[in-house]
Amino acid sequence: MTFERAMYEVLETSRYDFLTGRRVDIREWFAGLATRFFEWLFYNFDFNMPMGIGGNARTIATIFTIIVVVLVAVAMFVLIRTYLRSRVPVRHTLQDIFEEIKNHTVSELLQLSEIAEDRRTAVRYKYIAAILWLNENNIIVIEPSDTNKLIMRQIKEAAPALVTPFSQIADGFHLAWFGHKDLGEDAFAGFNSAVETVVGHA
């Protein structure tokens, strides 16, 4: 009997049981499916085999095979799910920095950036300073759920000249803060220049 034929019979049986309302023990259904599967593999396994020496060995081998198949299936599911998630851009909001935006001034944030222990933290403070400056000057209205995309849309409407420098600031912040990447001297200098352009914009 081919595997396709065995599966067809299983489906037909399930349909018959469903239509007639006859209840089937799930263990019997699984045993039948497993038996057909191993017959297809020329394993010739029988769940009703007497538990002699051969029966024990064959049962252990079957259980081991089932465990391996299940583990492989789970591993493949996890890998595929992880891969698909990695291809979806993460949507970062202002939620994590909203308290700092509310509790600091632009000058305080710029000062904190100057005394920051590392470049990554300095980039964070300067990004927040730029966001706060834009808000204080009525170019944007910030909400905890806002993303850079929404902020860019507001800037484009109110101050198109700041779209490019803020885009550089946002890219540098995401690369350094969320991506844990060192911007390097040249990139950091460009980031600082963009911050000065935005914060010093008249």
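**Helix H6 and the nonpolar core**

Good morning. I begin with one residue: Ile131 touches Leu94, Ile101, Ile140, Ile142, Ile151 and Phe166, leaving aside residues up to four places away in sequence. Please keep in mind that this is a predicted model.

Where does Ile131 belong in the wider picture? The largest nonpolar core has 36 residues, and Ile131, together with Tyr127 and Leu134, touches the most other members. At least two residues of this core come from each of helix H4 (98–103), helix H5 (106–114), H6, helix H7 (148–158), helix H8 (163–178) and helix H9 (184–199). The largest share, 10 residues, is supplied by H6. As general background, nonpolar side chains tend to be buried together in soluble globular proteins.

Let us now turn to H6 itself. Of its 18 residues, 13 are buried, and the helix is therefore mostly covered, since buried here means under 20% relative accessible area. From its first C-alpha to its last, H6 reaches 26 Å, close to the 26 Å expected at 1.5 Å a residue. At the start of H6, a side-chain oxygen of Asp118 comes to within 3.2 Å of the backbone nitrogen of Arg120. After H6 comes Asn138, with a positive phi near 60°.

Finally, I address confidence. The mean pLDDT of the protein chain is 76, with 63% of its residues at 70 or more. Among the elements of the chain, helix H6 (residues 119–136) has the highest mean pLDDT, 91, whereas helix H1 (residues 3–20) has the lowest, 56. Over residues 15–23, pLDDT stays under 50, and the model has three contacts beyond four places in sequence for them. Where pLDDT is low, the predicted coordinates should not be read in detail. Thank you.

Key
Residues are numbered from 1 along each chain as its sequence is written. This is a predicted model: local features need pLDDT of at least 70, side-chain atom pairs count only at pLDDT 80 or more; totals for chains, interfaces and linings use all residues. Side-chain values use heavy atoms; hydrogens and water are left out. pLDDT is the predictor's confidence in each residue, from 0 to 100. Helices (H or I, at least four residues) and strands (E, at least two) are DSSP runs, numbered from the N terminus. Contact means heavy atoms within 4.5 Å. A nonpolar core is a set of buried Ala, Val, Leu, Ile, Met, Phe, Trp, Tyr and Cys residues joined through side-chain atoms within 4.5 Å. Buried means under 20% relative accessible area, exposed over 50%, partly exposed in between (1.4 Å probe, protein chains only). The expected span of a helix is 1.5 Å times one less than its number of residues. A polar contact is a pair of N or O atoms within 3.5 Å; within protein, one must be able to donate a hydrogen and the other to accept it, and residues adjacent in sequence count only if both atoms are side-chain atoms.
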